[in-house]
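Notebook open, coffee poured. Today I'm looking up aromatic rings and what sits around them.

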Amino acid sequence: MTTPTPTDPARYAGADLRLAAVDMDGTLLDDDKNFPPGMDELLDQMDARGVTFAPASGRQVWTLIDMFPGRPGMTVIGENGGIVMRDGVEVSSSPLDATTMREAVRLVREATSGPDGIDGGLVMCGKQFAYVERTDDRFVDGVMPYYHRTKRVDDQIAIIDAIEAGQIDDAIVKLAVYVIGPVEPLAQATLAHFADTHQYAISGANWADLQIRGVDKGSAVRDLQRFLGVDRSQTAVFGDAGNDLSMMSEGDLSFAMANASQDVVEAARFVAPSNNEAGVAQVLRALLG
């Protein structure tokens, strides 16, 4: 695929920017998972101008908050839009139904068991914690960078029952499978069974996600716009992969990274320099003037 040419910043400089929703992996972070140089200073400038910066990710909200330490009032879109928080207070969330969760647990147990079992497991992504019943360090060490609040449990079905009974104050907003290897075999054997009724996506080389139909990063941006009182003309969105597609229509200032998949490039109005060129930071500085 030919790498798109980034758009001249003069085309969008001086916009009335009030909200920037920014994907993390492959977009804000470079390939080594580093932030762009000068990120703290840029966020200070955005705060001073009254612009809300909202990382939008499949990661847990608590992980996103931890990634921006010392910044009170952080706004985050976590779990691919399953939950939105601002300054530690929930703006919106969309819990999954218990019937689907129980069947997903059963399917993952079946697909990962025995000598021919797939080397992966299920992460039940709650508002408060992520719950895993595959508890070996090899698996959990792969989950923890994305889910800082992870609980190892004996039985995920028991967690679902306890949440339903009000014994645990939490709600599951997303199911994710993580595979130590390519995710497609486990995803197809498990979460893909619900693709006709739920929002299903391959979200990375090792990850696939399931959540309520219609819940995605785009719906979360709309929730946040209503909460903040801003509109599309005041919104910039940045992304690189399929789970960012839904955001592209929610901001008049929509940017595909130069390293983005072709479908994201086609959906966006502009192309930003790649994640390895600090493209998001370059564009935001231009927008701020």
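My entries on ring pairs, burial and charges over rings follow.

Entry 1. Note to self: this is a predicted model. I searched the whole structure for aromatic pairs and got nine. I started with Phe-139 and Tyr-178: ring centres 5.5 Å apart, planes at 50°, so I put the pair down as tilted. Then I checked where the two sit. Phe-139 is in helix 4 (residues 137-143) and Tyr-178 is in strand 9 (residues 172-179), so this pair ties together parts 39 residues apart in sequence. I looked up burial too, and both Phe-139 and Tyr-178 are buried.

Entry 2. Next I took Tyr-146 and Trp-207. This aromatic pair is edge-to-face, with 5.6 Å from centre to centre and 70° between the planes. Again distant parts of the chain are linked: Tyr-146 is in the loop between helix 4 and strand 8 (150-152), Trp-207 is in strand 11 (residues 207-212), and they are 61 residues apart.

Entry 3. Are Tyr-146 and Trp-207 buried or exposed? Tyr-146 has 23% relative accessibility, so I logged it as partly exposed. Trp-207 comes in at 10%, and buried means under 20%, so Trp-207 goes down as buried.

Entry 4. I then asked which residues cluster with Tyr-147. One aromatic cluster holds Tyr-147 together with Phe-139, Tyr-146, Tyr-178 and Trp-207.

Entry 5. Last, I looked for charges over rings. Arg-149 has its charged end over the ring of Trp-62, 3.8 Å from the ring centre. I also found the charged end of Lys-151 over the Phe-129 ring, 4.3 Å from its centre.

How values were computed
Residues are numbered from 1 along each chain as its sequence is written. This is a predicted model: local features need pLDDT of at least 70, side-chain atom pairs count only at pLDDT 80 or more; totals for chains, interfaces and linings use all residues. Side-chain values use heavy atoms; hydrogens and water are left out. Rings of Phe, Tyr and Trp (its six-membered ring) pair if their centres lie within 6.5 Å; planes under 30 degrees apart count as stacked, over 60 as edge-to-face and the rest as tilted. Helices (H or I, at least four residues) and strands (E, at least two) are DSSP runs, numbered from the N terminus. Buried means under 20% relative accessible area, exposed over 50%, partly exposed in between (1.4 Å probe, protein chains only). A charge sits over a ring if NZ of Lys or CZ of Arg is within 6 Å of the ring centre and within 35 degrees of the ring normal.
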